[in-house]
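Good morning, colleagues. I should like to speak briefly about a helix packing and a pocket. Please have the view open before you.

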Amino acid sequence: MTVRSLLLVSEIILFLLCRSLPAQNLTIARHDSATLDNATADQILSLGSSSIGIGGTPGATCSLNFQRSGDVATYHFDDGSINSQADFDALCSGSPGFVTVVNQINFCGAAKPNIIGCAPLQGHCMALVRYTPGQEWILWMHEYGHTKGLVHSQDQSSLMYPAIDPSHTTLTAL
């Protein structure tokens, strides 16, 4: 596939994400020793719904509508750490949430320390650790992007850049 074809595909995905999706009702769970209440989850989802810009289009925002489905649930999974693919798979199959807040992630495709989020491409779950207030929505939306097929971007303003930063708030083509 050529670079031009990849850009076209990513622009189509971007269009679908920003314009065609109905409200996204997300089930949310937390490890029983992690902290997350309904109000905080709602605030994170609200910021994610209204704060994503569209790269290359000044002032344009992505019209997504994220909502919590039901109360934030709790679950017990050992100490709430993901240390292997088996741990991640068990979390995804056993957690009552699409979004699951864990205590620590040391594995996401490979063993690495201090990972703050993990979601497979086109996946059906995402694992997150609590993050800096005011930036946590960026982490949640970044991982949600992976579940919808978005890969990392080298554009440093992109929501899909491999690191989380207050300036990483736009969706851009690859």
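Let me begin with a convention: an angle of 65 to 115 degrees between axes counts as roughly perpendicular. The model we are looking at is predicted.

How, then, do helices H2 and H4 pack? Helix H2, residues 38-50, meets H4 at an angle of about 70°, and their axes are 8 Å apart. The two helices are therefore roughly perpendicular to each other. As for handedness, the crossing in which H2 passes H4 is right-handed.

Which residues make this contact? On the H2 side they are Ile-44, Leu-45, Leu-47 and Gly-48. Facing them in H4 are Glu-136, Trp-137, Trp-140 and Met-141. Sorted by class, the contact of H2 with H4 comprises six nonpolar residues, one polar and one charged.

I turn now to the largest pocket. Its volume is about 330 Å³, and 19 residues line it. Nearest the centre of the pocket lie Cys-108, Ile-115, Gly-117, Glu-143 and His-152.

Which elements supply at least two residues each to this lining? They are strand E9, at 111-115, strand E10, at 117-118, and helix H4, at 136-147. H4 gives the largest share, with four residues. Helix H4 thus appears in both parts of this talk: H4 packs with H2, and H4 contributes to the lining of the largest pocket.

Finally, the character of that lining: 12 of its residues are nonpolar, five are polar and two are charged.

Thank you for your attention.

Key. Residues numbered from 1 in each chain as written. Predicted model: local features only at pLDDT ≥ 70, side-chain atom pairs only at ≥ 80, totals over all residues. Heavy atoms only, no water. 1 Å grid on protein atoms, 1.4 Å probe; cavity = no way out; pocket = protein on both sides within 12 Å on 5 of 7 lines; lining within 4 Å. Points joined across faces, edges and corners; volume = space filled by probe spheres on them. Nonpolar A, V, L, I, M, F, W, Y, C, P; charged D, E, K, R; others polar. Axes fitted to C-alpha atoms, helices over the stretch in contact; angles between N-to-C directions. Parallel < 35°, antiparallel > 145°, perpendicular 65-115°, else oblique. Left-handed = near helix turned anticlockwise from the far one by under 90°. Contact = heavy atoms within 4.5 Å.
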